[in-house]
Amino acid sequence: MDKQKLKFETRVIHGASMSEDWLGSTLPPIFQTAAHKHDTAENLSLTFAGKTSDHIYMRLSNPTNRVLEEKLAGLEEGAGAVVMASGMAAISNTCMALLRAGDEFVSGSSLFMSTYILFTNIFKKYGITVRFVDPLDLDAMEKAINGKTRFIYLETIGNPKMDVPDIAAISKLAHDHGLPLVVDNTLATPYLCQPLKIGADVVIHSTTKYLSGHGNASGGVVIDGGNFPWPENRFPDFKPFIDRKGNLAFLDKVWREHHINFGTTQAPFHAYLTMIGLDTLALRMERHLENAMATAAFLKEIPEVTWVRYPGFEDNPCHETARRQFGGKGFGALLTFGLKDQAACFRFINHLELICHLANLGDCKTLVIHPYSTQYVSFDDKMKASLSIFPEMIRLSVGIEAKEDIFDDIRRALDKTNT
Ligand SMILES: *Cc1c(COP(=O)(O)O)cnc(C)c1O
């Protein structure tokens, strides 16, 4: 049976090879071992040379993690994947593998907060320049490319601006300039969008969010589409990796040069939890998307709510792109909305009883946060405004509870906010 021919809903459950060594277990065991014994000196030597797929040492690879890697590569229809300790590990290793001191890259300006800090404060220390552009403005993106540019970076759905760039159009622009396109697909998940199929070259996820889905595991993944040619004029440093691994040169570079030396290993227990979560990804996403659309519509009708930002609304500037790119399945499960001011936001959050107040998203539970005073507290007001972070803004990650209970909790908290 060709697993890639199975439907997505089946592949989230059955999309990895099971080993006979697991005694019929339907999930891989947690291989809780720091290193693996080898029978002969010859075999360990061959394994170090990359000529077997055996395991050596946990920081390098682990059999439990490898099953998750196979599953995630399959879901994104990529050529290979490496899981890492967190989404940020996946982002920083990917960028470090693509960049050298003095290089530049172009990034959509609508970014997850830690990614933004990495791209600005941290990379600056190493002589790397990021050029931020509005990801909806292709002319600005093209103008930002020069001889030192090494890649273009985007989020499928910008967090928390909720903008949806046109991946096919941007990948064409990138490829016309001999550049790869890297996409953080955390907010869309492969259920809603498979960026590699519409032109992206590398996909990243924080598996901490929807892929694991239960707020109980940390992880990230880098998935290599395996199609980018890494032209020698712009990527001379890729030659040894191409010679060694052919179309998986980038994944080999990320793994060999960065992941194993920075030590960003995912503990196999987290891979195990993530695999349990993945089994229900398609089912959860269906409900997440339905609940998010309904909650956005519910909020829009509430007089105290001054605005709601969600790509599912027809008057949202990204609505058409999102509809096309996400195949009509939905518009994501994150939304933002405005109340009167910051004090009203605080009172609203303090009166919620069901919706959890915490810094996460993509959990099966509905989550709320006031980004302005938390994740973005160290940013100045101009920066916050450019990222669409306002004092009167609430961010909601809509979960999979009965939507009537989500509505009731919001209504009850707003009533108490007003009194
Ligand atoms: C959470 C998140 C990350 C970072 O992932 P961690 O697992 O927390 O390191 C990166 N990108 C996006 C879009 C996220 O939501």
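# Reading local features in a predicted model

Me: Ser 388 sits in the loop between α15 (381-386) and β12 (393-397). What sign does its phi have?

Reply: This is a predicted model, in which local features need pLDDT of at least 70, side-chain atom pairs count only at pLDDT 80 or more, and totals for chains, interfaces and linings use all residues. Residues are numbered from 1 along each chain as its sequence is written, and side-chain values use heavy atoms, with hydrogens and water left out. Most residues other than glycine have a negative phi, and most peptide bonds are trans. Ser 388 has a positive phi of about 60°, although it is not a glycine. The elements that bound its loop are DSSP runs numbered from the N terminus: helices are H or I with at least four residues, strands are E with at least two.

Me: Is Ser 388 buried or exposed?

Reply: Buried means under 20% relative accessible area, exposed means over 50%, and partly exposed lies in between (1.4 Å probe, protein chains only). The areas come from the Shrake-Rupley method. Ser 388 counts as buried because its relative accessible area is 6%.

Me: Which residue in the loop between β4 and α7 has a positive phi?

Reply: Met 162 does, with a phi of about 65°, and it is not a glycine. Met 162 is located in the loop between β4 and α7. Its relative accessibility is 2%, so Met 162 is buried.

Me: Where is Pro 160, and what is the peptide bond that leads to it from Asn 159?

Reply: Pro 160 is in the loop between β4 (149-155) and α7 (167-176). The peptide bond from Asn 159 to Pro 160 is cis, with omega near 5°.

Me: How many salt bridges are there?

Reply: Side chains of opposite charge can pair when their charged atoms come close. A salt bridge here is a side-chain nitrogen of Lys or Arg within 4 Å of a carboxyl oxygen of Asp or Glu. The count by this rule is 25. One of them joins Arg 244 and Asp 252, at 3.4 Å from N to O. Arg 244 is partly exposed because its relative accessibility is 46%, whereas Asp 252, at 5%, is buried.

Me: Which residue pairs with Lys 253, and where do the two lie?

Reply: Lys 253 forms a salt bridge with Glu 257, and the closest N and O atoms are 2.9 Å apart. Both residues belong to helix α10 (residues 249-262), four residues apart, about one turn of the helix. Lys 253 is buried, at a relative accessible area of 3%, while Glu 257 is partly exposed, at 32% relative accessibility.

Me: What about Arg 411 and Glu 304: how are their side chains paired?

Reply: They meet in a salt bridge of 2.7 Å, N to O. This pair links distant parts of the chain, with Arg 411 in helix α16 and Glu 304 in the loop between α12 (281-300) and β8 (307-309), 107 residues apart. Arg 411 is partly exposed, with a relative accessible area of 27%, and Glu 304 is partly exposed too, with 21%. Elsewhere, salt bridges that share partners join Arg 100, Asp 103, Arg 150, Asp 237, Lys 253 and Glu 257 into one network.

Me: What does Asp 201 contact, given that it is buried yet has no salt bridge?

Reply: A polar contact is a pair of N or O atoms within 3.5 Å; within protein, one must be able to donate a hydrogen and the other to accept it, and residues adjacent in sequence count only if both atoms are side-chain atoms. The side chain of Asp 201 makes such a contact with the side chain of His 175 at 2.8 Å. The Asp 201 side chain also reaches the backbone nitrogen of Leu 181, at 2.8 Å. Its nearest side chain of opposite charge, Arg 234, is 12 Å away. Asp 201 lies in the loop between α8 (189-192) and β6 (202-206).

Me: Which residues gather in a patch of negative charge on the surface?

Reply: Patches take residues with over 30% relative accessible area and no salt bridge, and join like charges within 9 Å and nonpolar side chains (Val, Leu, Ile, Met, Phe, Trp, Tyr) within 5 Å. Lys and Arg count as positive and Asp and Glu as negative; His and the chain ends are not counted. The place of a charge is NZ of Lys, CZ of Arg, CG of Asp or CD of Glu. The patch consists of Asp 134, Asp 137, Asp 139 and Glu 142. Asp 139 is in helix α6 (residues 138-143) and is exposed, at a relative accessible area of 51%.

Note on methods. Areas by Shrake-Rupley, 256 points an atom, 1.4 Å probe, with all protein chains shown as cover.
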